[in-house]
Amino acid sequence: MKVYLTRRYLFSASHRLHNPALSDAANCETYGKCNHPYGHGHNYFLEVTVSGPIAPDTGMLCDLAALDSAVSREVLSRFDHQNLNQLQDFSSIIPTTENLAIQIQQILSRTSLPAHLEGIRIEETSNNSFEYAGHQLPRSLSHMQGVEHDGSR
Amino acid sequence: MIYLTRKAEFSAAHYYHNPQWTPEENMRVFGKCANLNGHGHNYTLEVTVAGEVDAVTGFVIDLKLLKDILSRHVLDDFDHRHLNKELPEFASQLPTTENIAVAIWRRLASQLHPAKLHRVRLYEQPDLFVDYYGE
């Protein structure tokens with residue numbers, strides 16, 4: 001028996017989307033107001049999904065406090081109230097939320113968590129969200145595998 | 001295949017206590033959830049069913065029927081109840097969000113024909129939810 005548990009966290013950070021290899025005009029064209037020179041910020045909601053069997057003695061998948069502690073230590077303390085562009089993580093990549101999602105998933109995949117990491121989802125605003133599960137399809141989209149398979153026959 | 005999700009809410013009390021453990025162990029593992037006087041939540045339940053669109057009705061499942069099934073098999077028993085004391089599923093296991101999601105799946109899985117139950121998602125709080133796919 002396998003259950004999936006998702007915990008939601010909040011952190012706030014600033015960023016600026018700018019590719020130094022492009023001209024100012026091309027940056028403006030590509031990133032619009034996200035390219036404004038002094039940056040801007042978001043409240044990012046991060047959802048971390050872990051999975052596994054239910055332990056019979058606790059009725060729980062895992063110790064939530066241990067999950068909170070690991071996510072807080074490895075992710076929230078790293079990004080909360082920071083300028084993402086200034087962080088080592090983004091020294092050579094642009095701090096779009098796509099790249100931020102990949103960074104966070106990779107950080108958590110190297111972290112000792114109390115259950116198996118399935119993937120993460122991050123909301124940049126209430127209208128934009130991004131999911132990343134490493135090399136596998138995010139669980140919420142996993143039914144697409146069947147669709148793709150059917151389509152290939 | 002199309003997926004339809006219906007949302008419902010119920011409010012219930014529970015506590016976490018493993019009778020094979022000492023009070024200290026229960027407190028260490030379950031923290032404030034171990035208070036034997038119990039506490040409560042407003043749970044949000046999302047039930048996702050999967051199926052083909054019926055050529056005549058245009059439905060995967062009649063929404064009114066789904067609502068009635070949710071009420072009869074889940075909400076009528078769970079809403080404004082004490083899960084430890086009033087639900088047979090939790091006579092021998094703890095009413096954690098994980099176990100509640102599985103219990104709801106077992107109540108609903110055989111009721112939705114010809115659609116199939118795809119997922120039970122249960123929010124204990126806005127920042128914590130469990131998904132169960134019957135695996």
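A salt bridge here is a side-chain nitrogen of Lys or Arg within 4 Å of a carboxyl oxygen of Asp or Glu. The model is predicted. By this rule, a search of the whole structure finds 16 salt bridges over all chains.

**Exercise 1. Describe the contact between chain B and chain A: its residues, its buried area and its composition on the side of chain B.**

Step 1. Count the residues. Chain B contributes 23 residues to the contact and chain A contributes 19 residues.

Step 2. Take the area. About 1,900 Å² is buried between chain B and chain A, and carbon and sulfur atoms give 57% of it. In chain B, the residues that lose the most area to chain A are B:E98, B:F129 and B:E135, which together make up 29% of what that side buries.

Step 3. Look at polar contacts. Between chain B and chain A, eight residue pairs are in polar contact, both residues being at pLDDT 80 or more.

Step 4. Assign the side of chain B to its elements. At least two residues each come from α1 (23-30), α4 (97-108), β4 (116-125) and β5 (128-132) of chain B. The most is given by β5(B), with five residues.

Step 5. Sort by residue type. The side of chain B that touches chain A has 13 nonpolar, five polar and five charged residues.

**Exercise 2. Find how strand β1 of chain A is joined to β5(B), and locate the salt bridge across the interface.**

Step 1. Strand β1 (residues 3-15) of chain A pairs with β5(B) in the antiparallel sense, over five bridges. Within this pairing, A:R7 stands opposite B:L128 in β5(B).

Step 2. The rule finds one salt bridge across the interface of chain B and chain A. A:R7 forms a salt bridge with B:D127, with the closest N and O atoms 3.5 Å apart. That distance satisfies the rule because the cut-off is 4 Å.

Step 3. Turn to A:T6, also placed in strand β1 of chain A. A:T6 counts as buried because its relative accessibility is 2%, and buried means under 20%. Leaving aside neighbours within four places in sequence, A:T6 is in contact with A:E47, A:V48 and A:T49, and with B:D127, B:L128 and B:F129 of chain B. The side chains of A:T6 and A:T49 make a polar contact at 2.8 Å.

**Exercise 3. Which residues does A:E123 meet in salt bridges, and is A:E123 buried or exposed?**

Step 1. One partner is A:R8, with the closest N and O atoms 3.2 Å apart. This pair links distant parts of the chain, since A:R8 is in strand β1 of chain A and A:E123 in strand β4 (residues 116-125) of chain A, 115 residues apart.

Step 2. Another partner is A:R121, at 2.9 Å between the closest N and O atoms.

Step 3. Compare accessibility. A:E123 is buried, with a relative accessible area of 13%. A:R8 is partly exposed at 22%, and A:R121 is partly exposed at 23%.

**Exercise 4. Where in chain B do B:D131 and B:R121 lie, and which network do shared salt-bridge partners form in chain A?**

Step 1. B:D131 and B:R121 form a salt bridge, with the closest N and O atoms 2.7 Å apart. B:D131 lies in strand β5 and B:R121 in strand β4 of chain B, so the pair ties together parts that are 10 residues apart in sequence.

Step 2. Both B:D131 and B:R121 are buried.

Step 3. In chain A, salt bridges that share partners join A:R8, A:E47, A:R121 and A:E123 into one network.

Key: Residues numbered from 1 in each chain as written. Chains lettered and ligands numbered in written order. Predicted model: local features only at pLDDT ≥ 70, side-chain atom pairs only at ≥ 80, totals over all residues. Heavy atoms only, no water. Contact = heavy atoms within 4.5 Å. Buried area = accessible area lost by both parts, 1.4 Å probe. Polar contact = N/O pair within 3.5 Å; in protein donor to acceptor, adjacent residues only side chain to side chain. Helix = DSSP H or I, 4+ residues; strand = E, 2+ residues; numbered from the N terminus. Nonpolar A, V, L, I, M, F, W, Y, C, P; charged D, E, K, R; others polar. Pairing = 2+ DSSP bridges. Buried < 20%, exposed > 50% of the residue type's maximum accessible area, 1.4 Å probe, protein only.
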